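Please look through the chain with an eye to its aromatic rings, its charged side chains and its overall fold. The paragraphs below take these topics in turn.

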Amino acid sequence: VQLQASGGGLVQAGDSLRLSCAASGRTFSTYTMGWFRRAPGKEREFVAAVTWTTDYADSVKGRFTISRDNAKNTVYLQMNSLKPEDTADYYCAARRGGLSRYGYDYGYWGQGTQVTVSS
């Protein structure tokens, strides 16, 4: 499966942004989809994942919402109440199997989309 992320940009603290990740292939619905991010100088970290259920990092719970549209082969990350510490490159990923917070469990990755939150 090939993944194409989009929707990043420069916003102010408190603003909202929606990231999209379009996937190729006819079996999109069978994949667990995840979002990860890497801030400058930091390790990549888990943000959220979705199958028929969802999982979120504590740092984004209540502010971010992951969703998927299997008819459009697309996964979304709605980000509300953005904070400067959310500044990072955001990556979508896909894996066979259930929810996972570990990047090494994901076999397919899209290119990053940059999110910058100014204070």
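Tyr-108 is partly exposed, with a relative accessible area of 33%, where buried means under 20% relative accessible area, exposed over 50% and partly exposed in between, for a 1.4 Å probe and protein chains only. This is a predicted model, in which local features need pLDDT of at least 70 and side-chain atom pairs count only at pLDDT 80 or more, while totals for chains, interfaces and linings use all residues. Residues are numbered from 1 along each chain as its sequence is written, and side-chain values use heavy atoms, with hydrogens and water left out.

What does Tyr-108 form with Tyr-31? The two make an aromatic pair that is edge-to-face, at 5.8 Å centre to centre and with 85° between the planes; rings of Phe, Tyr and Trp (for Trp, its six-membered ring) pair if their centres lie within 6.5 Å, and planes under 30 degrees apart count as stacked, over 60 as edge-to-face and the rest as tilted. Tyr-31 lies in strand β4 (residues 31-38) and Tyr-108 in strand β10 (residues 108-109), so the pair ties together parts that are 77 residues apart in sequence. Strands here are DSSP runs (E, at least two residues) and helices likewise (H or I, at least four), numbered from the N terminus. Tyr-31 counts as buried, at 7% relative accessibility, and Arg-96 lies over its face, at 4.2 Å from the ring centre. Such a charge sits over a ring if NZ of Lys or CZ of Arg is within 6 Å of the ring centre and within 35 degrees of the ring normal.

A search of the whole structure finds six aromatic pairs, and another of them joins Phe-36 to Tyr-106. Their ring centres are 5.1 Å apart and their planes stand at 75°, so this pair is edge-to-face. Because Phe-36 lies in strand β4 and Tyr-106 in the loop between β9 (88-96) and β10, the pair ties together parts that are 70 residues apart in sequence. Both Phe-36 and Tyr-106 are buried, and ring pairs link them with Phe-46 and Trp-109 into a cluster. Over the face of Phe-36 lies Arg-44, at 5.8 Å from the ring centre.

The charged side chains come next. Side chains of opposite charge can pair when their charged atoms come close, and the structure holds five salt bridges, each being a side-chain nitrogen of Lys or Arg within 4 Å of a carboxyl oxygen of Asp or Glu. In one of them, Lys-61 meets Asp-58 at 3.4 Å, N to O, and Asp-58 counts as exposed, at 60% relative accessibility. In another, Arg-63 is joined to Asp-86, with the closest N and O atoms 2.7 Å apart. Arg-63 lies in the loop between β6 (54-56) and β7 (64-69) and Asp-86 in the loop between β8 (74-79) and β9, so this pair ties together parts that are 23 residues apart in sequence. Arg-63 is buried, with a relative accessible area of 11%, and Asp-86 is buried as well, at 1%.

Which residues are linked with Arg-63 and Asp-86 in a network of salt bridges? They are Arg-37 and Glu-45, which form a salt bridge whose closest N and O atoms are 2.6 Å apart. Arg-37 counts as buried, at 5% relative accessibility, whereas Glu-45 is partly exposed, with a relative accessible area of 35%.

Two loop residues deserve a look for their backbone angles. Asn-73, in the loop between β7 and β8, has a positive phi of about 55° although it is not a glycine, and counts as buried at 16% relative accessibility. Ser-81, found in the loop between β8 and β9, likewise is not a glycine yet has a positive phi of about 50°, and is partly exposed, with a relative accessible area of 41%.

Turning to the chain as a whole, there are zero helices and 11 strands. The radius of gyration is 13 Å, close to the 14 Å that the globule rule gives for 119 residues, so the chain is as compact as a globular protein of that length; the radius is taken over C-alpha atoms, and the rule is 2.2 Å times the number of residues to the power 0.38. Along the principal axes, the C-alpha atoms fill a box of roughly 40 × 25 × 25 Å. Buried residues make up 45% of the 119 residues.
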